[in-house]
Amino acid sequence: MNQKERMQKGLPYKPWLDGLEDERELCKMKIHELNHLYGADRDRIPEIMESLFGKVGENCWLEPPFHCDYGYNIEIGDNFFGNYNLMILDIGKVKIGANAQIAPNVAIYSVGHPIHPEMRNSGYEAGEPVTIGDNVWIGGNSVILSGVTIGDNVVIGAGSVVSKDLPDNVVAVGNPCRVIREITEEDRVYYLKKKKFDQESWEDIMGTGTFMP
């Protein structure tokens with residue numbers, strides 16, 4: 001089994017062997033192109049995302065700069081938005097569902113290293129997949145660690161470090177990130193903290209009906 005096969009199976013592997021360095025260099029070339037687009041050339045961002053990622057849904061966008069290791073281990077769903085300085089270390093598979101909103105300076109790490117210094121100094125590392133559900137909003141400066149699964153409709157507060165799985169329909173914050181409450185129907189009427197939608201915006205979203213605060 002070569003080192004790429006070991007990497008993809010989540011086994012310990014050496015990242016400088018069997019062509020993996022070449023694959024990372026190819027990824028860096030695509031990222032350099034993405035990160036240096038200006039003006040009208042920014043229209044090419046979705047095209048480069050298609051060539052970089054393993055799977056890309058409809059209506060997806062990245063605000064450069066962006067960084068990743070391989071690209072082909074990343075899958076994103078429809079209506080994805082990644083803000084400035086998103087970093088994804090995609091040693092393991094990283095799957096992100098539909099309608100993801102990722103704030104600036106978020107890091108997603110699917111890689112880990114041995115705790116014992118002698119074993120770590122051997123150069124071996126290993127990846128664990130990260131799975132992020134549909135309709136997830138990740139606040140700025142948050143870190144998602146390897147092996148984590150985040151459910152649907154989750155809001156992660158800014159500056160959080162997510163080291164354990166999160167269930168559906170919750171708000172979670174902190175280091176380590178913990179669930180602080182569930183998301184309920186009461187949250188529907190607010191557009192920001194305790195500020196309520198006005199009649200015009202409510203009708204635009206809901207189609208019709210009187211806004212009932």
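Where does Pro176 lie? In this predicted model, Pro176 is found in the loop between β18 (170–173) and β19 (178–182), and I begin there because the backbone at that point departs from what is usual: most residues other than glycine have a negative phi, and most peptide bonds are trans. The bond that leads from Asn175 into Pro176 is cis, with omega near 0°.

A second cis peptide bond is the one between Pro64 and Pro65, where omega is about 5°. Pro65 also sits in a loop, in this case the one between β2 (61–62) and β3.

Let me stay with the backbone and turn to phi. Asp18, which is placed in the loop between α1 (3–8) and α2 (20–35), has a phi near 60°, a positive value in a residue that is not glycine. As for its surroundings, Asp18 counts as partly exposed because its relative accessibility is 47%, and the band for that label runs from 20% to 50%. Asn135 likewise has a positive phi, about 60°, without being a glycine; the loop that holds Asn135 runs between β12 (130–132) and β13 (137–138), and its relative accessibility of 37% is why Asn135 is also classed as partly exposed.

Now to the sheet. Five strands make up an open sheet, and reading across it the order is β3-β6-β9-β14-β17, with parallel pairing. The edges are taken by β3 (66–68) and β17 (161–162), and since each of these has a single partner strand, one side of each is left without a neighbour in the sheet. As a reminder, strands of a sheet pair through backbone hydrogen bonds, either parallel or antiparallel.

Which strand do 3 bridges join to β3? That partner is β6, residues 86–89, running parallel to β3. Residue by residue, Phe66 has Leu86 of β6 as its bridge partner, while His67 stands opposite Met87 in β6. β6 also pairs with β9 (residues 107–109), again in the parallel sense and over 3 bridges, and there Ile88 stands opposite Ile108 of β9.

The side chains of β6 deserve a closer look, because in a regular strand the side chains alternate between the two faces of the sheet. In β6, Leu86 and Ile88 form the covered face, whereas Met87 and Leu89 form the uncovered one. Put together with the pairing, Leu86 on the covered face is the bridge partner of Phe66, and Met87 on the uncovered face stands opposite His67.

Terms used:
Residues numbered from 1 in each chain as written. Predicted model: local features only at pLDDT ≥ 70, side-chain atom pairs only at ≥ 80, totals over all residues. Heavy atoms only, no water. Pairing = 2+ DSSP bridges. Helix = DSSP H or I, 4+ residues; strand = E, 2+ residues; numbered from the N terminus. Buried < 20%, exposed > 50% of the residue type's maximum accessible area, 1.4 Å probe, protein only.
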